[in-house]
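Open the structure in your viewer and keep the selection tool at hand. This tour goes stop by stop.

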Amino acid sequence: MSVELAPKGRESQGIYVLIFLLLLHLILLSLQIEDPTGAILVKKWVLFAGAPFISLFAGVTRGVGEVWINYVWLHGAREENARLHQAVGRLLLEARSLEQARQENERLRRLLAFKENASLQSIGARVVARAPDFLSRVVYLDRGEADGVRADCAVVTDSGIVGRVILASTHSSQVQLITNADASVGVVIERTGVPGVLRGSGGHMLEIGYIGGTEDVAVGDLVLTSGLDRIYPKGLPVGRVIESARGKTVFREIRVEPAADLLRIDEVLILLGAGAPPP
Amino acid sequence: MKVLFIAGSSFVAVVAQMIAGNSFFIFNFLDLSLILVAYWAIYRHRTQALFVGSTVGLLQDALLGWPLGYNGFGKTIAAFVIGQAAKRFNIEGPWIRFALISAASFLNALSMLLLFLLLQRNVSVIFVGASLMQSIITGGGGVLLFIALDAYKRTHTDKVS
């Protein structure tokens, strides 16, 4: 026995079917079409739609954390206060001597006519979220195309490079960390000038490839960006060599510890000079 | 069986247009698949016509090498418009059917144009003119086919009675 829907119900059913089919086609198209920067549209739309929620949750989480730290976690506050007073006094003395050293440094720089690279335009950003799976090594920033951020912009901290922008929405962007298994950076060993290609391993450490087995690379050597990948400017710190041995092939097996603390980054700089041109 | 029939008739409509269009220029402007959608919306089931429009549109996209979804989107809208008009108005007359099918065909083209713009693709001005011509020819072709269909049904009914 079939049940006949009331006319109004049948009409609603038709409209629901129409909406469902139209949305299906839109999603299907957005999975296939790329925007001029090469990004799949649906990924860009999802990032655009999700950015306000990511920022909101990040703000709430940060607020709760600050409340916890400032008002709840007061264990041993009096003793710590006294200890910190002593430390502050000691640090003030150190700061005065460092200030004198800084001023001397400044004078010497002027004397040597040392010129800094003033062409690096940058913008500050905060990390608002990380990809849920720990292995993907992707973080999300609160800056996007409206701030001049484009794909392939380098992301750095004062300690060293962090990664590059792989997808930018209007007010947020997705950054691939240098520890990501698909990441690669053109590098050079500072001490010897030997060039190589640094790759992420998916873990916390990095690996350098294409350095000959006979090249001089020692544990403790500082690794800098070479600028050859046209993403990271030349001379930025990448990390330190923690392992260097002759491998089974003609190349050395070199492992590097990142200079920047990629597990705890919170604020970064996005270098706007590099990256894909605006559409 | 109905699903197979929908899929099969959609495929035949699209392929027939492609083959006929290769030999006769006018078939490049006669949208047989839209006429199939109109037939389903007027003569059979309005909600099923939405699925017919979606299916035939996806098939068209696949055979033309387009990203899947452009024609399906437009023909689904066309099916909805024809179905709603058939429900609310008396569309027995040839001129009203011509206007309805032409308007649905143009609406199909317009929705595809909007999709092109929304999804950041380039659009040629020729597209608008060609769409207008296609609307008129499809409307005319659809009316003729439906007149023939109605005549066949009347003849068949008379024979049975």
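Each stop below names something to select and says what is there. Keep in mind throughout that the model is predicted.

**Stop 1: chain B as a whole**

Select chain B. Its secondary structure comprises six helices and zero strands. Followed along the sequence, the pattern reads α-α-α-α-α-α. Chain B has 161 residues, and 41% of them are buried. Now consider its contacts with a separation of 6 or more: 64% of these link residues 24 or more positions apart.

**Stop 2: helix H2 of chain B**

Select residues 32–43 of chain B. This is helix H2, with twelve residues. From its first C-alpha to its last, H2(B) reaches 16 Å, close to the 16 Å expected at 1.5 Å a residue. Is H2(B) mostly buried or exposed? Eleven of its twelve residues are buried, so H2(B) is largely enclosed by the rest of the structure. Colour the buried ones to see them, including B:Leu32, B:Ile35, B:Tyr39 and B:Trp40. B:Ser33 belongs to that buried group too.

**Stop 3: helix H3 of chain B**

Move on to residues 46–64 of chain B. Helix H3 has 19 residues here. At 1.5 Å a residue they should span 27 Å, and the end C-alpha atoms are 27 Å apart, which agrees. Of these 19 residues, 15 are buried, so H3(B) is also largely enclosed by the rest of the structure. Just past the helix, click B:Gly65. Its phi is positive, near 80°.

**Stop 4: where the chains touch**

Show both chains. How many residues does each chain bring to the contact? Chain B gives 15 residues and chain A gives 15 residues. On the chain B side, H3 and helix H4 (70–88) each supply at least two residues. H4(B) has the largest share there, five residues. By class, this side of chain B holds eight nonpolar, six polar and one charged residues.

**Stop 5: the barrel in chain A**

Hide chain B and turn to the strands of chain A. Six of them close into a barrel, in the order S1-S2-S5-S4-S3-S12. The pairing is antiparallel. From one strand to the next, the twist averages 45°.

Zoom in on S3 (residues 154–156) and S12 (residues 267–271) of chain A. These two strands run antiparallel and are joined by three bridges. Within this pair, A:Val155 stands opposite A:Ile270 in S12(A).

**Stop 6: two nonpolar cores**

Stay with A:Val155. It is among the residues with the most contacts inside the largest nonpolar core, alongside A:Ile161, A:Val162 and A:Val238. That core has 46 residues. Strand S4 (residues 161–168) of chain A contributes the largest share, five residues.

Select A:Val162 next. Leaving aside neighbours within four places in sequence, A:Val162 is in contact with residues including A:Val155, A:Val175, A:Leu177, A:Ala260 and A:Val268.

Another core, of 40 residues, lies apart from the largest one. Bring chain B back to find some of its members, among them B:Ile6, B:Ile42, B:Phe80 and B:Val143.

**Stop 7: A:Val42**

Finish at helix H2 (residues 41–72) of chain A, which holds A:Val42. How does A:Val42 count: buried, exposed or partly exposed? Its C-beta has 16 neighbours inside 10 Å, so A:Val42 counts as partly exposed. Not counting residues up to four places away in sequence, A:Val42 touches A:Ile27, A:Ser30 and A:Leu31. For a last distance, pick A:Leu28: 14 residues from A:Val42 in sequence, and 9.1 Å away in space, C-alpha to C-alpha.

Note on methods. Residues are numbered from 1 along each chain as its sequence is written. Chains are lettered from A and ligands numbered from 1 in the order in which they are written. This is a predicted model: local features need pLDDT of at least 70, side-chain atom pairs count only at pLDDT 80 or more; totals for chains, interfaces and linings use all residues. Helices (H or I, at least four residues) and strands (E, at least two) are DSSP runs, numbered from the N terminus. The expected span of a helix is 1.5 Å times one less than its number of residues. A residue is buried if 20 or more other C-beta atoms lie within 10 Å of its own, exposed if 12 or fewer, and partly exposed in between; C-beta atoms are placed from the backbone. Two residues are in contact if their C-beta atoms, placed from the backbone, lie within 7 Å. Ala, Val, Leu, Ile, Met, Phe, Trp, Tyr, Cys and Pro count as nonpolar, Asp, Glu, Lys and Arg as charged, and the others, Gly among them, as polar. A nonpolar core is a set of buried Ala, Val, Leu, Ile, Met, Phe, Trp, Tyr and Cys residues joined through C-beta atoms within 7 Å. Two strands pair if DSSP finds at least two bridges between them. Axes are lines fitted to C-alpha atoms, for helices over the stretch in contact, and angles run from 0 to 180 degrees between N-to-C directions.
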